[in-house]
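Reader: I'd like a close look at one part of this protein, the metal site, and then a walk outwards into what surrounds it. Could you take me through it in one go?

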Amino acid sequence: MKKATLLITLLLSLVALGRGQAPEKQGSSSKSSSQEVDAAYAEAHALYIDLHQNPELSSHETQTAAKLASRLKNLGYEVTEHVGGTGIVAVMKNGAGSTVMLRTELDALPVEEKTALSYASKVHAKDDAGRDVPVMHACGHDLHMASILGTAAIMAASKDSWHGTLMLVGQPAEETISGAKGMLDDGFLTRFPKPDVAVALHVGNLLPAGQVGIVPGVYNTNADSLKITIYGKGGHGSAPHTAIDPIVIAARTILALQTIASREVKPGAMAVVTVGYIQAGTKNNIIPDHAELGLTVRTNKPEVRKQVLAAIDRITKAEAEAAGAPRQPSIEHYEGTDLVFNDPGLALRLKGVLQVALGNDNVVMEEPITGSEDFSYFTEQGIPGFYFSLGGADPEKLAQAKAAGTTLPSNHSPLFAPDVDPALHTGISAEVAVLRNLLSGSAEELHKAIAKNAAAE
Ligand SMILES: [Zn+2]
Ligand SMILES: [Zn+2]
């Protein structure tokens, strides 16, 4: 028996050497067994269904936070609630070592669910403007919370497999890019141990469930939200010569804004300018006195970001002036977040860890995406970050869509429906493997290893 074990160990070592990718300290402890995930799965899945049926809008995640907080408390975590609004921080200290943060978002979106799933959301709520809106977990944050619960249970039940401080963070209001900032403003870095590394994942439909994706370096984009109000002169729809029509100015402005990415930004540099809404007028025979546009702007370089925002300002003002508008448009920059940067050394190290945990074929390298995230607020505090993708697509449906040259409903779609099993199973396995690896040495060793890997890349 002993001989057989030795032989197997030797063979496995040879295989690992042959692959030439055995990361440091990736013993059996960094691999979560499928059995322990199975044991934690039922409760994680039950939370998923509950959260999916009871979604809450950004900054209003009171029930959601309470559900997660009480479960983490029961598992033995020291839980602080109401951090930056509805945020929660759950800490488990387990001897000396690094402090590793794993973050999930808490919020859902004002989207009417059309998935026809038996557990589809039927919830309506009042948004911040007092409007009645449907609510849906259309971005998969419910899956992230379920995954963190499964991970939390496994880590609490296997304290001999890691040491250090594990910090689970439930962040509110990701969709409005205000929750991370809210938690930091509420003393996140001083009230709790400062993390040596921050980890998060996001489910999506670009990868099949069962896989994870890694993007070393720039992961996504800077995002800026603008509200533009164009002023005209109201009047009778039959007498345009007595008015200055803000709808016509808005139409011209929208088309001119599209020349920023196509004509002003250097080809190859990334820039997206989307006018997501236009609101003006009340009746067909009235020329209104103002029109409002809502924009989202995505870039992945600071100089391009500056260039695009300046161009929007210039074009919007010039179009209004060209039309003889009575006053300059107002341009309100009401939200902004920086891109998420994946520490290359950390990404390289954890790629190996995930390959061991999930199998080589289930870890793919991906291109940066054009989405955005306020996870960057945490990593900008000098905390190296690792943000990876979790496959959520039904593998068969994804293959069919690819063959037909189409895509599956994306995050934020009323039809977004991740393939929960195996996606949740994979999410838990991946998180546990990553945490055990990061919580296996001292903080100094971790910092050194990250720097070394980054230099080697
Ligand atoms: Zn989202
Ligand atoms: Zn999201």
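Author: Let's start one step away from the metals, with His 144. Leaving out residues up to four places away in sequence, His 144 touches Thr 104, Glu 105, Cys 139, Leu 201, His 202 and Val 203. His 144 sits in helix 4, and at 2% relative accessibility it counts as buried. Keep in mind that this is a predicted model.

Two of those neighbours, Cys 139 and His 202, take us straight to a zinc ion. The zinc ion (ligand 2) is coordinated by Cys 139 (SG), His 141 (NE2) and His 202 (NE2), at 2.1 to 2.3 Å. Along the chain, the donors of the zinc ion (ligand 2) follow the spacing C-x1-H-x60-H. His 141 belongs to helix 4 and His 202 to strand 7 (residues 197-208), so this pair links distant parts of the chain, 61 residues apart. Are these two histidines buried or exposed? Both His 141 and His 202 are buried.

Now for the other zinc. The protein donors of the zinc ion (ligand 1) are Cys 139 (SG), Glu 175 (OE), Glu 175 (OE) and His 412 (NE2), and they lie 2.1 to 2.7 Å from the ion. Glu 175 therefore appears twice in that list, through two OE entries. Why is the arrangement around the zinc ion (ligand 1) irregular? The 4 donor atoms subtend angles of 52 to 149 degrees, whereas a tetrahedral label would need all angles between 85 and 135 degrees. In sequence terms, the spacing for the zinc ion (ligand 1) reads C-x35-E-x236-H.

Cys 139 is what the two sites share: it bridges the zinc ion (ligand 1) and the zinc ion (ligand 2), which lie 3.1 Å apart. Cys 139 comes from the loop between strand 5 (132-134) and helix 4 (141-157), while Glu 175 comes from the loop between strand 6 (164-171) and helix 5 (179-185), so the pair ties together parts that are 36 residues apart in sequence. Cys 139 counts as buried, at 7% relative accessibility. Glu 175 is buried too, with a relative accessible area of 19%, against a cut-off of under 20%.

Next in sequence after the donor His 412 is Ser 413, in the loop between helix 11 (395-404) and helix 12. Ser 413 counts as buried, at 14% relative accessibility. A polar atom of the Ser 413 side chain lies 2.9 Å from the backbone nitrogen of Leu 415. Setting aside neighbours within four places in sequence, Ser 413 is in contact with Val 111, Met 136 and Ala 138.

That loop leads on to helix 12. Helix 12 (residues 420-438) has 19 residues and reaches 26 Å from its first C-alpha to its last, close to the 27 Å expected at 1.5 Å a residue. Of its 19 residues, 17 are buried, so helix 12 is largely enclosed by the rest of the structure.

On to the nonpolar core. Of the 64 residues in the largest nonpolar core, Leu 72, Tyr 77, Leu 354 and Phe 386 touch the most other members. Helix 12 gives this core its largest share, 10 residues. Leu 72, again apart from neighbours within four places in sequence, is in contact with Tyr 77, Val 79, Ile 88, Ala 90, Leu 149, Ala 152 and Leu 168.

Leu 354, another of those core residues, is among the buried residues of helix 9. In helix 9, 12 of the 15 residues are buried, so this helix is also largely enclosed by the rest of the structure. At its N-terminal end, Asp 343 acts as a cap, with a side-chain oxygen 3.1 Å from the backbone nitrogen of Gly 345. Just after helix 9, Gly 359 takes a positive phi of about 100 degrees.

One last stop, back towards strand 7. Pro 195 lies in the loop between helix 6 (188-191) and strand 7, and at 5% relative accessibility it counts as buried. Its C-alpha is separated by 5.2 Å from that of Val 100, 95 residues apart along the chain. Not counting residues up to four places away in sequence, Pro 195 touches Thr 99, Met 101, Met 167, Phe 188, Leu 189 and Ile 383.

Conventions: Residues are numbered from 1 along each chain as its sequence is written. Chains are lettered from A and ligands numbered from 1 in the order in which they are written. This is a predicted model: local features need pLDDT of at least 70, side-chain atom pairs count only at pLDDT 80 or more; totals for chains, interfaces and linings use all residues. Side-chain values use heavy atoms; hydrogens and water are left out. Donors are N, O and S atoms within 2.8 Å of the metal (3.2 Å for Na, K and Ca); water is not among the atoms, so sites may look incomplete. Four donors count as tetrahedral if all angles lie between 85 and 135 degrees; four count as square planar and six as octahedral if opposite donors are over 155 degrees apart and all others between 65 and 115; anything else is irregular. Helices (H or I, at least four residues) and strands (E, at least two) are DSSP runs, numbered from the N terminus. Buried means under 20% relative accessible area, exposed over 50%, partly exposed in between (1.4 Å probe, protein chains only). A polar contact is a pair of N or O atoms within 3.5 Å; within protein, one must be able to donate a hydrogen and the other to accept it, and residues adjacent in sequence count only if both atoms are side-chain atoms. The expected span of a helix is 1.5 Å times one less than its number of residues. Contact means heavy atoms within 4.5 Å. A nonpolar core is a set of buried Ala, Val, Leu, Ile, Met, Phe, Trp, Tyr and Cys residues joined through side-chain atoms within 4.5 Å.
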